[in-house]
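Below are some comments on the model under review, set out as numbered points. They take up charge pairing, helix packing and backbone geometry in turn.

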Amino acid sequence: MSGVEKQTGRARGEEWWQTGIIEMSPGVIRLRGYEIQDLIGRVSFPAVIWLMLRGELPSEDEAALLGIALGAAVDHGPQAPSIAIARMAATCGVGINSAMASAINVLGDVHGGAGEQALSFYGDIAVALDGGMALNEAVSTRLDRFFGQEKGYVPGLGHRFHPVDPRAPRLLELVRDFAARGVVNGRFADIAEAVEADVARRKGKKIPLNIDGATAVIYGELGFPPPLTRGLFVLSRSVGILAHAWEQSQQSERNKGPLPREWLWAYSGPPARPLPGDEGADN
């Protein structure tokens, strides 16, 4: 093969996939232009996540705040579907990767997607603020539209298990601390708290911010778009999924289903009946 042919073939190969994330050749690995050996031991895991997603390294404080959000949502116990599924999969004898994949695959709109929904909701209010609307007016207008057209639960508020989600107040407190130091501006924290207050006024009772609403505040403050919020939650919850899958794999149970054997499901189908043509047969 001539030099021209080799060069043309290489160019075609390079055009098959194009990425600005990684450069890799024999002996060389660069992430967003940084040598991997320069990153190792000098850049934290949250900072590497930021670099991979955003293209530039964050400040130490930005990486710290991202790590705080990731650490807050790692686990919520086997009553959370994703954790329960990881443990059930492990009792079926599958490998740890299969148990984790089974769990991660249920992190959708209902279980796992509320953070993305909350940040989108806050973002609509932020756009109104950019247009000159006052905070309370922007929140009220968005909630009017939600209750008039969208229905359901306001994303980021309330919890079916906790009267007050213990993670949310601490996260908001930390956001305020970082805002006081100029790391973030606190805008999304203001929006979230204003939404919480307006919903309380409408409902006649406080429905507190939950982990999804609080982490959405952090991701919004740090400039992450809503779809990445769901991906970041998956990264976070994967830690708990891994821990539970590993713990369960070290135990002796086999084929452990969602309910104890003495607690059978409620059957709601037709009663026992004969096959057609057997109605008159002797029993």
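1. In this predicted model, the structure contains 18 salt bridges. Side chains of opposite charge can pair when their charged atoms come close. The next two points go through some of these pairs, with the accessibility of the residues involved.

2. Arginine 30 takes part in two of the pairings considered here, one with glutamate 23, where the closest N and O atoms are 3.1 Å apart, and one with glutamate 35, where the closest N and O atoms are 2.8 Å apart. Arginine 30 is partly exposed, its relative accessible area being 22%. Glutamate 23 is also classed as partly exposed, at 45% relative accessibility, and glutamate 35 is partly exposed at 22%.

3. In helix 10, arginine 202 and aspartate 198 form a salt bridge, and the closest N and O atoms of this pair are 2.6 Å apart. The two residues lie four positions apart in the helix, so about one helical turn separates them. How buried or exposed is each partner? Arginine 202 is partly exposed, with a relative accessible area of 29%, whereas aspartate 198 is buried, because its relative accessible area of 9% falls under the 20% limit. Both residues belong to a network of salt bridges that links Asp144, Asp198, Arg201 and Arg202.

4. The packing of helix 7 (residues 114–130) against helix 10 (residues 187–203) deserves a careful look: the axes are 10 Å apart and the angle is about 105 degrees, and the two helices are therefore roughly perpendicular to each other. On the side of helix 7, the contact is made by Leu119, Phe121, Tyr122, Gly123, Ile125, Ala126, Leu129 and Asp130, while helix 10 contributes Arg187, Phe188, Ile191, Ala192 and Val195. Sorted by class, the residues of this contact comprise 10 nonpolar, one polar and two charged.

5. Helix 7 also packs with helix 8 (residues 135–150), their axes coming within 9 Å and crossing at roughly 135 degrees, which makes helix 7 oblique to helix 8. The crossing of helix 7 past helix 8 is right-handed. Here Phe121, Asp124, Ile125, Ala128 and Leu129 of helix 7 meet Leu135, Ala138, Val139, Arg142, Leu143, Arg145 and Phe146 of helix 8. In terms of class, nine nonpolar and three charged residues make up the contact of helix 7 with helix 8, with no polar residue among them. A reader comparing the two contact lists will find Phe121, Ile125 and Leu129 of helix 7 in the one with helix 10 and again in the one with helix 8.

6. Two backbone positions should be inspected for their phi values. Arginine 32, although not a glycine, has a positive phi of about 55 degrees; this residue is placed in the loop between strand 2 (28–31) and strand 3 (34–35), and arginine 32 is partly exposed, with a relative accessible area of 26%.

7. Which other residue has a positive phi in spite of being other than glycine? Asparagine 255 has a phi near 50 degrees, and its place is in the segment after helix 12 (226–249). With a relative accessible area of 57%, asparagine 255 is classed as exposed, whereas arginine 32 counts as partly exposed.

Methods. Residues are numbered from 1 along each chain as its sequence is written. This is a predicted model: local features need pLDDT of at least 70, side-chain atom pairs count only at pLDDT 80 or more; totals for chains, interfaces and linings use all residues. Side-chain values use heavy atoms; hydrogens and water are left out. Axes are lines fitted to C-alpha atoms, for helices over the stretch in contact, and angles run from 0 to 180 degrees between N-to-C directions. Angles under 35 degrees count as roughly parallel, over 145 as roughly antiparallel, 65 to 115 as roughly perpendicular and the rest as oblique. Contact means heavy atoms within 4.5 Å. Ala, Val, Leu, Ile, Met, Phe, Trp, Tyr, Cys and Pro count as nonpolar, Asp, Glu, Lys and Arg as charged, and the others, Gly among them, as polar. A crossing is left-handed if the near helix is turned anticlockwise from the far one by less than a right angle, and right-handed if clockwise. A salt bridge is a side-chain nitrogen of Lys or Arg within 4 Å of a carboxyl oxygen of Asp or Glu. Buried means under 20% relative accessible area, exposed over 50%, partly exposed in between (1.4 Å probe, protein chains only).
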